[in-house]
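Biologist: Before I go any further, please take me through one part of this model up close. I'd like to hear about strand pairing, and then a bit about the neighbourhood.

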Amino acid sequence: MRKYVVLILLNLYIGAGYSYAQNGRITGKVTDQDNAALPGVNVLLSGSSQGTATDGEGNFVINAPASGSLVFSFIGYVSQTVAINNRSVIDIQLTQESRSLSELVVVGYGTQRKTDVTGALSVISTKEFAQQPVTRLDQVLQGRATGVQVTQSNGSPGGDSRIRIRGANSVLGNNDPLYVIDGYIGADYNLLNPNDIASIQVLKDAASTSIYGSRGANGVVIITTKKGARGIKVTYEGQGSVSNVIKKFDLLPAGEFAEIVNARALATGSTPPFTEAQIANYKSNGGTDWQDLVYRTGRGQQQQITITGGNEKTTFLVSGNYVNQKGIVENSNFRRLVFRTNLNTQVNNKLALRFNLSGAHSLNHNTDGGGALIEALQWAPTTPAYGADGFPTFADPIGSVSRSPLDNLYDRSNDATKFNVNAIGGLNYQLPVKGLTLDLQYAVNYLDGQNSYFNGPRIANNVPNAGRYSSDQVTLQNTNSLNYNVTLGNHSINAVAVLETQQYTNKNFSANATGLRFPQLGYDNIGGNSAASVASGFQKWTLLSFLGRVNYAFKDKYLLTAAIRRDGSSKFSPSNRYSVFPSVAIGWRLSEEEFIKNLNIFSNLKLRGSWGSTGSQAINPYATLSSYNTTYVAFNNNSITAGVIQGNAGNMDLKWETTRQTDVGIEMEFLNGRLRLEADYFHKNTKDLLLNVSIPNYAGGGTQTRNIGEIENKGFEFSIGGTPVQGSRFGWETNLNFSTLKNKVLDLGGLPRIGTGTGAGGGMSITNEFMLMPGQPLGSYWGLNYLGTFKPNEADEAAKQGRVPGDPHYEDVNGDNSITTDDFKVIGYAFPKVTGGWNNTFTYGAFTLNVFVNGVFGVDKLNYTRAGAMSGSGEARQFLLTEIRDYYRPGNEDSDIPAFTKTYQPFTQSSRFLENGSFVRLKNVSLAYNLPSALLRDKGAIRIFGSATNLFTITNYSGPDPESSNVGSGTDTAIGIDRGSYPNAKVYTLGINLSF
Amino acid sequence: MASISHLTFHIEYKMKKINTFLLAALLLSGASCKDYLEEDTTGLLYGNNVLSTQDGLESALTGAYKGLASQWSRGFIHPSANAATLGSDDVTTHPASNKADWREFDQFNVSTTNQRSNAVYNGCYKAIQGANNVINNYEKTVGDKAAIDIIVGEAHFIRAFSYYWLTRFWGNIPLVLAGEYSADLLSIGKSTPEQVYELIVADLKVAETNLPNNKRDPGRPNKGSAKAYLADVYLTMAGWPLKQTDKYDLAAAKAKEVIDNKAAYGFQLLPTFAAVFENDPASTGTAEAVFQINGFTSGDSGNSTYGLTTMPGEEGGWDDMYAELNFFNNFPAGPRKDATFRTEFGLSGTKIPWQNSLTKHPYYKKWYIKGDISTYQASLPSVMMRYAHVLTIYAEAKARGTGGPDQAAYDALNQIRLRGRVAGTKPLSAADGLTAARFADEVVQERAWEFACERTRWFDLVRLEKVEEANANKSPDDLQPIRAITKANYWFPLPYSDTSLNPNLN
């Protein structure tokens, strides 16, 4: 390899030497503040057109007169002019420019200088997370951009994260932002190697997102992957981690548990199941700690290699990334392998071609949490983990009626694999008209999804079953754009016109079998079983779009952006098929005005405002049609017969859900960028809300999708960044951001309220856990208000309800002496009111310390995991947490933990199990050390780093993790429910990064 | 759109004509976009033509049965209907544990969100929607007339069966005849039991005509099933709330038709009571079943009325339902009592007598799976009516109807009594001098013993207005109503899931 580098250098040398033989040969290396090599820096002989650029290691060779001077320039860095002064070696360090001024940001279908941007967008530079052991994009986004809220809702390796940009607009639809990777719209960020990221832009206001029209309403995350650079550079990074559960529930020891079970049996007229001898035995020998059996120390590794190279015309990047993580719950793990090749070639001075190919394979094994985590809190500590036969105890005689935590862990498999190939080819051609370029891009995305499950004879009660679901998803995208850039005196114009098509097809099938005759074959050979069912399906949607945008700047001071997109979608009936999404934005760079310049305070000051509309076609294809589903009925004892049953009712009148957003923002920079402030206020209004409205069961049940109502999101976003210390050895960069969000349902098409929920409660909820009501926000918990227990002096009131003192006392809202759903009301809110992040980077010589804190405030969580262990309902027959020690009994009437009575009626869907979910978390601390380059004889760089994730959490939440919840990341109507959700872990990582 | 891609590639080569081509491309795409956005419904089963073939109609009928047979969520292959009939004096539940939703029935405090009764409600209405769809569309179906008639007969039977359960549990209910959703259903009002029974009788009459003598499958009705249900419906109509006492004669006559033709319909009173509850998953049911809903342990088709739900904690059971103390104590000894109750617990080794057990109650052996398998589901049927029911319907209806009990009525009752009681029990006869009313009461009492924990006793108590009386006779060691029972407790409040969507149901 070194040979190759030398060859290239030689080549350069000969080429350059031939032209400027009369000059002296000058070599050198260009680095940044961190002594990292800067490739691609332009090196120009001042006052001439002679120049070169640095190679992959930051080296350059140029022939220049000894008396001349060299100009070093690079986007994002302060240009330097250096007199040669007879030197033959010139090493220089470029400092970064006050970064936002010259930064180019990628906006949809083009780039813009950050200074010219009129919309609200956040840029996350790779520097901000370079020191952290990230394996996925969501870890990068968390807390680093205002208005972006990332919740690691499933703490399992490879688990889901909920990412929201400026709140949730849609009740029904997916509120995930739109991910655009290298122009491919709708990419899956889970399958992206974060080391391949060159830049991340988060588009937030409608002026920025309306260019994505019907898919822009949730904000857009634009990711550009790295390109190769001249010369050969190899980077390897390896890291290993260990992880542990952050916190466990406090469970009763077996002896004490047995005493409490006996006390309850006596109080309710049953026979105490435990003898004194048994209790004494439990007290001296202990019982089963189910949590200990379920949790373990997780381990993980990530291996990463990137090779870049090329010559002046053609560059390449090849990278590979392998992640293997064993989760903190036994028998759960995640593996991912990602490859990427990015090729760029400048065919001639007009034509450039590009081709990006990435492939990924991932496997999630039992990362759904669920059964084992719930049962660990419902199985009695008095029940032994294993029977005399060496197998896990099959049934718990005292605690849960459900299967053992161990059988939940080991007698089932739930495997999801994804195989994804994404190919993007494009050409960019400079047309004969000056400033006019044509860009054509074709993208193919292939996703092969395989979900397989197996439930063994124990977990499935001697009826082992298994099945597979396979889907073949192909998305084709074609984007044709014309870009026009012109500057005429004080006027600069950038315009783009695009025609884009996208088409998605999903062909799937599934096969299921029960009563497996050969359960040892798992899901890998399910033929030959008596009860098998098969299904296949086909789905397709198409989207056809025309769009255009004009950016206009006058004197670089007054900025205007206007954009429009027209989308047509196959999901709607012909009369509602098209919708138009316009936007307009203005900006005023006050810092360019003389009167501001004269103040000598601001290095940048910009005011901006925007208005625009975006859409959501957040419905599945065919929602306009009522269709049948397949079902199976047994007419005898040994077979099933297939039939059809009416599915959800269709609605021909469905149309686009539209969000209108207004944004005003101010950007300020002081002290040449050492202090930066940015503030935004936004107001979003979503109308023709798509809602799945419940249909009464007498009319067939299920739901119907309708356009009903209106919802509002508004909030402030602040970001304060700066470089408080900028010394030669010690430096401190800090960035604090926080966002407020207020969500309100304005109208529900005349309906007083609509219940929503996803059944995440698993037997704990008796009706929808959330209620949409005009005037209330999304995510309003619906339940009973728990007032504590009936006290002795409330005996009469209790009697009216058929209860006795010590029984749960719920607010009888309608005063009819009967606790029913008529007494339900809004008892809490599942959406945080304020979220924030604080990122700090300290440098001291070759050390870099990164400290990242994030916080979520003003949010309630419904802790159904605790309810399962504390209510004696659903599958759980007893109370298992130490808090039961304080139960109501004579002499302890102050307690609000219900007494042991025959008239005990628990409602878990109540404020009794609603907890404050606010938290502040030390999300990441990492320390990196760059080996002195002298030690490596300038042949490369070695960095050693270590980090700790989720080291420290301040919260009142009683569960293991305030961040995790049960509901998938797409929906927002039922967030905040914790029912055995897979908690986040404390992770310690050590790693090394080598480049040469 | 292929034309566009082709064109755009062209552009690359013919740069000079770029503008012309691009314009053409844009225009072309505009022209072809209509097709591009056409929804591709390949693979979607929808529209009226689904039921236009005999196979389609048959599939829709199968789907209608699903409402009656979806484990835990809908219908009768789980103990939901048993839970909902806990207000009778034969069954009770655990005073603590996780049985709050079961206790609501035993303590007469049923909430609008009770998941047990709602599973019956939701299932019956889903079955009704499917049956309506068949009934409303079969005339357009092309196929074998005889086969279609049977399909239609079964659909009418399913609809009648479902409405019968609904109106007995909820009284005034929405009467839906539509096979698919339409917006006007959102404001439908409630119909009275009288209106509902009118439809039930009409449906069963169609079923009676259309259905063959032989069941197509063990889990389907035949002509005899329709007649037997018609008899049961008449018996119920004669009591509370309709009190159309003229229906006793119709009930007796219809039951007699079944008794007289039992061989043709394949019905039989098994020689021993124990044989009825052998509960062998290898067998697909017995000849005593007049109508049964089958279970098969696949997907959500396994029957969870058997096994853990009625087993005691000592055997890994769930203690969901077990016998009331006075009911057990008064139960006449004999082979029936032995086959009905489990009085010693323990699957191996030591047996614990019920008096010393955790809950201190005897349990129902009737719902044990053969071999005392400790599991929550089995490939066993939920027998919704037995031939023994038909015999007692006849006996009671004849006694309460014109002329009082005849010899056939005595014979019917004696068949049940003698099979159930200790050997040597004397048959009842006219010579015993019972009044017609007294004889009818004997039948009702015999039904209590015979059909203990079979979702029968509650409806007998309701139609005869004896719920209060029966509950007053409970043992003080059993759960008590939390408030005085009134007629309002004879029906459950309509589910919140539906009343919250349609104010006209309140």
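Modeller: Here is a walk along the strand pairing in chain A, followed by a short stop at the contact with chain B and one residue there.

First, the ground rules: this is a predicted model, in which local features need pLDDT of at least 70 and side-chain atom pairs count only at pLDDT 80 or more, while totals for chains, interfaces and linings use all residues. Residues are numbered from 1 along each chain as its sequence is written, and chains are lettered from A and ligands numbered from 1 in the order in which they are written.

Let's start with S32(A), residues 657-670. Strands here are DSSP runs of E with at least two residues, and helices are runs of H or I with at least four, all numbered from the N terminus; two strands pair if DSSP finds at least two bridges between them. S32(A) runs antiparallel to S29(A) (602-616), and 14 bridges join them. Along that pairing, Thr662(A) in S32(A) sits opposite Trp611(A). S32(A) also pairs with S33(A) (675-687), again in the antiparallel sense, over 13 bridges. There, Arg660(A) has Asn685(A) as its bridge partner in S33(A). S32(A) and S33(A) make a hairpin with four residues between them, and Leu671(A) in that turn has a positive phi of about 50 degrees.

Chain A also has an open sheet of five strands, ordered S10-S15-S16-S13-S14, with mixed pairing. Its edge strands are S10(A) (121-125) and S14(A) (184-185), each of which pairs on one side only. S10(A) meets S15(A) (197-203) in the antiparallel sense through five bridges, and Ile124(A) has Ile200(A) as its bridge partner in S15(A).

Now for the neighbouring chain. The contact (C-beta atoms, placed from the backbone, within 7 Å) takes 83 residues from chain A and 92 from chain B. H6(B) gives the most to chain B's side, with eight residues.

One residue of chain B to click on is Arg74(B), which lies in S2(B) (74-75). Arg74(B) counts as buried because 26 other C-beta atoms lie within 10 Å; the cut-off for buried is 20 or more, with 12 or fewer for exposed and partly exposed in between. Arg74(B) touches Gly67(B), Ala119(B), Asn122(B), Gly123(B) and Lys126(B), leaving out residues up to four places away in sequence. The C-alpha atoms of Arg74(B) and Cys124(B) are 7.7 Å apart, although the two residues are 50 residues apart along the chain.

Key:
Two residues are in contact if their C-beta atoms, placed from the backbone, lie within 7 Å.
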